[in-house]
Amino acid sequence: MVLQHGTAGRLCIDLGALVANYQLIAQHVAPATVAGVVKADAYGLGAVPVSAALYAAGCRHFFVAHLCEAAILKPHLPIDTTLYILNGLPLGAEGDCVAVGAVPVLNSLEQIDSRAALARTMGRPLPGVIQIDSGMGRLGLTPDELAILRMSPERLDGIDLRLVITHLACADDPDDGFNERQRTAFDAIARQFPGVPRSIDNSGGAMTPGVGHGDIVRAGIALYGGAPHGQPNPMRSVIALDAYIVQLRTLEAGAGVGYGLTHRFDRPARVATISVGYADGWPRHLSNRGSAWIGGVRVPIVGRVSMDSMALDVTDVPDALLHAGAPVELIGPHQTIDDVSAQADTISYEILTRLGKRYARTYLPASVANPDRSIMA
C-alpha cells in the first residue's frame with residue numbers, strides 16, 4: 001500500500017520527460033545507440049519503471065553498477081535486452097552472474113581470467129565487456145595489463161567480447177583538453193580489439209558536438225534531467241518534489257530557530273516547518289543557505305536542516321498561501337536539481353540518489369503531458 005498522506009512529501013517522476021531526454025540524446029549521437037544507465041535504482045527514481053519507459057522508447061541496453069542491482073532488475077527486462085555490470089564481479093561471483101544473465105564489465109586481468117575459466121568449465125562462451133583505463137585512473141585495464149593481454153591474447157579464449165569501453169573524466173566540461181586526450185588514447189587501444197563495438201561517452205560526452213560517439217553511448221544524468229554541461233540545460237526536468245507545511249508560528253525579532261539556534265531573526269518573522277530533513281535526502285549543508293518556493297515566492301531555509309524537518313522564513317508569503325498542508329516546492333519549475341545542488345555545493349547526481357523512501361511517489365506515464373509541475377496544488 002502506498003500512502004498519499006502522512007509522508008514527508010510527494011515526489012513526481014515524469015516518464016514522458018525521461019523519454020524525451022532519451023530521444024534528444026539519441027538524435028545527438030546517431031547512428032550510435034543509447035544505453036540507459038540505471039544504477040543506484042535509476043539514480044533514485046526507480047530502476048524498474050524507468051527501464052520500462054526506456055524500453056518502450058527503444059532502449060535495449062542497460063547498465064547497473066553491481067551484481068545485486070542486476071539480480072533485482074533482470075527479471076523485469078524483456079528477453080531482447082542486455083544488462084551490463086559496470087563494476088565487474090568480485091572473485092567467486094561469476095556463477096551467480098551467469099545465473100542472473102547479466103554481462104560483466106571486466107576491469108582487470110583477474111576478472112578476465114575468472115570469466116574465461118568459468119567459460120571453459122561450462123564448455124561454452126560467456127559474454128563480457130572489457131573496460132580500459134584511458135586516463136581517469138579509476139576502473140579498467142592499465143597500460144601494463146593491456147601490454148600483458150597483447151602478449152597473451154589467449155586469455156580471452158571463451159569470452160564473447162560484446163564491447164570495449166572507457167570512461168571520460170572531464171566530459172562535463174567539453175572544453176577541457178583532457179577529453180580529446182582520452183578519446184585519442186581510447187581509439188588507439190580499441191584497435192587491439194578489431195570488430196568489437198566501442199563505448200566511450202557518458203551524458204556529457206554524448207551532448208558534446210563535433211566528436212565521434214562510438215557505437216553505444218551510456219546516458220545517465222541527462223536522462224534524469226541533469227545538465228550535462230552546466231547551463232543552459234537542454235534536458236527536460238524529470239522530477240518535481242513538494243513538501244507540505246506541518247506547522248506555522250510567529251517569532252519575535254531576536255528569536256532563534258532550529259538546533260543550536262544558528263539563525264536569529266532581525267525582524268518579527270513567520271516561520272513554516274516542513275517535514276523533510278536529511279533522512280529524506282535533503283542535505284544538511286543547505287542549513288541557512290538553501291531555499292524552497294511557495295506560490296512563486298522564494299523562502300529561505302532558516303536554521304539547521306534536521307533529520308525529519310526544517311524551517312522556512314515565510315514572512316513575505318501571502319497569508320492565503322500559508323496553512324497546515326499547504327504545498328512547498330523543493331524541486332520544480334522555480335528550482336531544478338541543478339539549482340539545489342549548486343546551493344548545497346554538490347552535484348545533481350547526489351541530490352537525486354539521496355532522495356529518501358518517505359515520499360509518496362507518483363509516476364506520470366510517457367503519454368501524459370504535465371504542463372503544471374506543482375503536484376500538490
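In this predicted model, the largest pocket takes up a volume of about 760 Å³. A total of 32 residues line the largest pocket, and those that lie nearest its centre are Tyr43, His167, Asn202, Ile221 and Tyr349. Several elements of the fold chip in two or more residues each to this lining: helix H2 (39-43), helix H9 (203-206), strand E9 (216-219) and helix H11 (348-354). Sorted by class, the lining of the largest pocket comes out as 16 nonpolar, 11 polar and five charged residues.

Pockets are one kind of empty space; cavities are another. Rolling a probe the size of a water molecule over the atoms is what shows where empty space is left. Searching the whole structure for cavities of 30 Å³ or more turns up just one. The largest cavity holds about 50 Å³ of space. Its walls are built from Gln131, Ile132, Asp133, Ser134, Met136, Gly137, Arg138, Leu139, Thr166 and His167. Three of the residues lining the largest cavity are nonpolar, five are polar and two are charged. One name is worth a second look: His167 lines the largest cavity, and His167 is also listed among the residues nearest the centre of the largest pocket.

Next comes a pair of helices. Helix H1 (residues 15-29) and helix H3 (residues 47-56) have axes that come within 10 Å of each other and cross at roughly 50°. Because of that angle, H1 counts as oblique to H3. The crossing of H1 past H3 is right-handed. On the H1 side, the contact is made by Leu15, Leu18, Val19 and Tyr22, while H3 brings Pro49, Val50, Ala53 and Leu54. The residues in this contact between H1 and H3 split into eight nonpolar, no polar and no charged.

The backbone has a few quirks of its own. Most residues other than glycine have a negative phi, and most peptide bonds are trans. Against that background, the peptide bond running from Ala30 to Pro31 is cis, with omega near 15°. Pro31 sits in the loop between H1 and strand E2 (33-37). Another cis peptide bond links Gln231 to Pro232, this time with omega at about -5°. Pro232 belongs to the loop between E9 and strand E10 (239-251). Strand E9 has come up before, as one of the elements giving two or more residues to the lining of the largest pocket. Finally, Ala42 is not a glycine, yet its phi is positive, near 55°. Ala42 is part of helix H2, and helix H2 is another of the elements that supply the lining of the largest pocket.

Technical notes: Residues numbered from 1 in each chain as written. Predicted model: local features only at pLDDT ≥ 70, side-chain atom pairs only at ≥ 80, totals over all residues. Heavy atoms only, no water. Axes fitted to C-alpha atoms, helices over the stretch in contact; angles between N-to-C directions. Helix = DSSP H or I, 4+ residues; strand = E, 2+ residues; numbered from the N terminus. Parallel < 35°, antiparallel > 145°, perpendicular 65-115°, else oblique. Left-handed = near helix turned anticlockwise from the far one by under 90°. Contact = heavy atoms within 4.5 Å. Nonpolar A, V, L, I, M, F, W, Y, C, P; charged D, E, K, R; others polar. 1 Å grid on protein atoms, 1.4 Å probe; cavity = no way out; pocket = protein on both sides within 12 Å on 5 of 7 lines; lining within 4 Å. Points joined across faces, edges and corners; volume = space filled by probe spheres on them.
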